[in-house]
Amino acid sequence: IEEAFHADMKEKKLADQTQFEQQLENERELILTNTVTTFRDSVTRAKEYIKANTESTKAMVAELDKTAATLKADIEETEGTLSKGETEMDVFADKGRKLTTSLAAATEEDTELSGKLAELE
């Protein structure tokens, strides 16, 4: 009876050990599966985030390109206006010099005529 009891206990202990090892293996597999799933989900979210940021960045770059083109056109227009203004200022300066020369000549002629008039009187 004692031998049968010990054999039965040994068998039960072996069965319990096997069951415990099986449960431990199942838990390991579950943890590994959850870890892999979590990692895959994280990678998927990271890819989606990168894709969204890439599209957002492309949109910003396109907007910056449009702004740069507008600024370039504004600068070219301003340079053209300045150049035209400088040319107009040069024309006015030439006219002013001519008028000053004409005025000086008229003043000199007036002085001569005034002198001649004084002689005649």
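Biologist: Which residue forms a salt bridge with Asp94?

Modeller: Asp94 pairs with Arg97 in a salt bridge, and their closest N and O atoms are 2.3 Å apart. Please keep in mind that this is a predicted model.

Biologist: Where do Asp94 and Arg97 lie?

Modeller: Both residues belong to helix H1, where 3 residues, about one turn of the helix, lie between their positions.

Biologist: Is Asp94 buried, exposed or partly exposed?

Modeller: Asp94 is partly exposed, because its relative accessible area is 37%, which falls between the limits of 20% for buried and 50% for exposed.

Biologist: How many salt bridges are there in the whole structure?

Modeller: The search of the whole structure gives 3 salt bridges. One of them joins the side chains of Arg28 and Glu25, at 3.7 Å from N to O. Another joins the side chains of Glu63 and Lys66, at 3.6 Å from N to O.

Biologist: Why would such side chains pair?

Modeller: Side chains of opposite charge can pair when their charged atoms come close. Arg28 and Glu25 are 3 residues apart in helix H1, so about one helical turn separates them. Glu63 and Lys66 are also 3 residues apart in helix H1, and about one helical turn separates them.

Biologist: What about accessibility for Arg28 and Glu25?

Modeller: Arg28 is partly exposed, with a relative accessible area of 48%. Glu25 counts as partly exposed too, at 34% relative accessibility.

Biologist: And Glu63 and Lys66, exposed or partly exposed?

Modeller: Glu63 is partly exposed, at a relative accessible area of 45%. Lys66 counts as exposed because its relative accessibility is 52%, and the limit for that class is over 50%.

Biologist: Changing topic, which residues form the negative surface patch?

Modeller: The negative surface patch is made up of Glu108, Glu109, Asp110 and Glu112.

Biologist: Where is Glu112, and how accessible is it?

Modeller: Glu112 is in helix H1. Its relative accessibility is 45%, so Glu112 counts as partly exposed.

Biologist: Now Thr33. Which helix holds it, and what residues does that helix cover?

Modeller: Thr33 is in helix H1, which covers residues 2–120. Thr33 is partly exposed, with a relative accessible area of 45%.

Biologist: What lies 2.8 Å from a polar atom of the Thr33 side chain?

Modeller: That is the backbone oxygen of Glu29, which lies 2.8 Å from a polar atom of the Thr33 side chain.

Biologist: How far is Thr33 from Leu113 in space?

Modeller: Their C-alpha atoms are separated by 117 Å, and the two residues are 80 residues apart along the chain.

Biologist: What is the C-alpha separation of Thr44 and Asp8?

Modeller: Thr44 and Asp8 are 53 Å apart in space, C-alpha to C-alpha, with their positions 36 residues apart in sequence. Thr44 lies in helix H1 and is partly exposed, at a relative accessible area of 40%.

Biologist: And for Asn53 and Glu11, what is the distance?

Modeller: From C-alpha to C-alpha, Asn53 and Glu11 are 62 Å apart in space, and they are 42 residues apart in sequence. Asn53 lies in helix H1. The relative accessible area of Asn53 is 33%, so this residue is partly exposed.

Biologist: One last pair, Asp16 and Asp41. How far apart are their C-alpha atoms?

Modeller: The C-alpha atoms of Asp16 and Asp41 are separated by 37 Å, and the residues are 25 residues apart along the chain. Asp16 is found in helix H1, and it is partly exposed, with a relative accessible area of 43%.

Conventions
Residues numbered from 1 in each chain as written. Predicted model: local features only at pLDDT ≥ 70, side-chain atom pairs only at ≥ 80, totals over all residues. Heavy atoms only, no water. Helix = DSSP H or I, 4+ residues; strand = E, 2+ residues; numbered from the N terminus. Buried < 20%, exposed > 50% of the residue type's maximum accessible area, 1.4 Å probe, protein only. Polar contact = N/O pair within 3.5 Å; in protein donor to acceptor, adjacent residues only side chain to side chain. Salt bridge = Lys/Arg side-chain N within 4 Å of Asp/Glu carboxyl O. Patch = residues over 30% accessible without salt bridge, like charges linked within 9 Å, V, L, I, M, F, W, Y side chains within 5 Å. Areas by Shrake-Rupley, 256 points an atom, 1.4 Å probe, with all protein chains shown as cover. Lys, Arg positive; Asp, Glu negative; His and termini not counted. Charge placed at Lys NZ, Arg CZ, Asp CG, Glu CD.
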